Amino acid sequence: MRQPLVVALCALAMAGAGAVPAVAAEPSPTGADTATGAGPTTVMDVVDDVVGTAADTLSGLTAPRAGAVNFAGTVSLSNCSGSVVRMPDSADDDPALVLTNGHCLETGFPAPGQVLVDRASSRSFGLLNSSGSKVATLRANRLVYATMTDTDAAIYRLGTTYGQIRSAYGISALTLSDTRPRAGTAISVVSGYWKRIYSCSVDGFAYRIKEGDWTWKDSVRYTPECDTIGGTSGSPVVDDATGKVVAVNNTGNEDGERCTVNNPCEVDQNGTVTVRQGTNYAQQTYLFPACFGVDNRLELNASGCAVPKP
């Protein structure tokens, strides 16, 4: 699972030393920061700002030149990446939604089989413009949906609408595609945390991905150019041709281990296990538009809604 645990401490060290390494710190074997939500100011609250500064500096060294896909509408979380997204039929006066991974929840990993729906949240997100500069802090009022079963996704609802965000900051939400991507599609993985864009193609699809106790279905496998690192969890995977989000980045096999945390394996229809060290993956998102109705309300019983349910 592509999420940093020790990166904040590394950022402090970098700030003290006045230097920035070429890559982020890799996750620990536990894979994620599972600290719970808001409370009194702590060392980690202070570190968030330092991490952001270090990421800004790193982006100056690693971010690609301007192109068709940019950072506008992406967000940075305290431990992951994400994006402001809309459904194909969302209206400007609908409350805006933010997409990230289920394993990026501030409350820790959902258990296998667990689906969280309509929970209170005050999570904050740093909104980025096209060049990757933070222009605002957005805040959620609900966790609409989250799971690590069959997929690895979380969707938050904000207290502001799409129209308000565009009027205030000139930034439009990314649209979720309602069509399954195809092998060979040129894609960009856009990390708001690191302010870095990875460009590659859809190499193919894994029937099942198993990582630790979790199993994901029909996962996107990248070609090697998308060598994502800790902190890229939750990044939108954008179809370069349409500009629409087709998946959410979530994991990669780091050490060549078999089906362990941070070392997912592929399992085919016959149960054959394949380990691809260095290969990275995302979870498709085309199923979500069918599950959202008027005013961006989650409707899990809607016709065509096939995401996991509580």
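**Exercise 1. Determine whether strand 2 is enclosed or open, and identify its pairing partners.**

*Solution.* Step 1. Strand 2 (residues 81-86) is largely enclosed by the rest of the structure, because six of its six residues are buried. Buried denotes under 20% relative accessible area, exposed over 50%, and partly exposed the range in between (1.4 Å probe, protein chains only). Strands (E, at least two residues) and helices (H or I, at least four) are DSSP runs, numbered from the N terminus. The model is predicted: local features need pLDDT of at least 70, side-chain atom pairs count only at pLDDT 80 or more, and totals for chains, interfaces and linings use all residues. Residues are numbered from 1 along each chain as its sequence is written, and side-chain values use heavy atoms, with hydrogens and water left out.

Step 2. Consider the two sides of strand 2. Ser-81, Ser-83 and Val-85 point one way, Gly-82, Val-84 and Arg-86 point the other way, and all are buried.

Step 3. Establish the pairing, for which DSSP must find at least two bridges between two strands. Strand 1 (residues 74-76) runs antiparallel to strand 2 and is joined to it by three bridges; Ser-76 has Ser-81 as its bridge partner. A hairpin of four residues connects strand 1 to strand 2.

Step 4. Strand 3 (residues 95-100) is also antiparallel to strand 2, with three bridges, and Leu-97 is the bridge partner of Val-85 there. Strand 8 (residues 174-175), by contrast, runs parallel to strand 2 and is joined by two bridges. In strand 8, Val-85 is partnered by Leu-174.

**Exercise 2. Describe the cover and the pairing of strand 16.**

*Solution.* Step 1. Strand 16 (residues 280-284) is mostly covered, with five of its five residues buried.

Step 2. Strand 13 (residues 245-252) pairs with strand 16 in the antiparallel sense over five bridges; Thr-251 has Tyr-281 as its bridge partner.

Step 3. Strand 11 (residues 214-222) is likewise antiparallel to strand 16, through two bridges. Val-220 stands opposite Ala-282 in this arrangement.

**Exercise 3. Characterise the aromatic pairs and the charges placed over rings.**

*Solution.* Step 1. The whole structure contains four aromatic pairs. Rings of Phe, Tyr and Trp (its six-membered ring) pair if their centres lie within 6.5 Å; planes under 30 degrees apart count as stacked, over 60 as edge-to-face and the rest as tilted.

Step 2. One of the pairs is that of Phe-125 and Tyr-156, which is edge-to-face at 5.3 Å centre to centre with 65° between the planes. Because Phe-125 lies in strand 5 (residues 124-128) and Tyr-156 in strand 7 (residues 153-161), the pair ties together parts that are 31 residues apart in sequence. Both Phe-125 and Tyr-156 are buried.

Step 3. Tyr-193 and Trp-194 also form an edge-to-face pair, at 5.1 Å centre to centre and 75° between the planes. Tyr-193 counts as buried at 5% relative accessibility, and Trp-194 is buried with a relative accessible area of 4%.

Step 4. A charge sits over a ring if NZ of Lys or CZ of Arg is within 6 Å of the ring centre and within 35 degrees of the ring normal. Arg-86 lies over the face of Tyr-162, at 4.7 Å from the ring centre. Arg-208 lies over the face of Tyr-207, at 4.0 Å from the ring centre.
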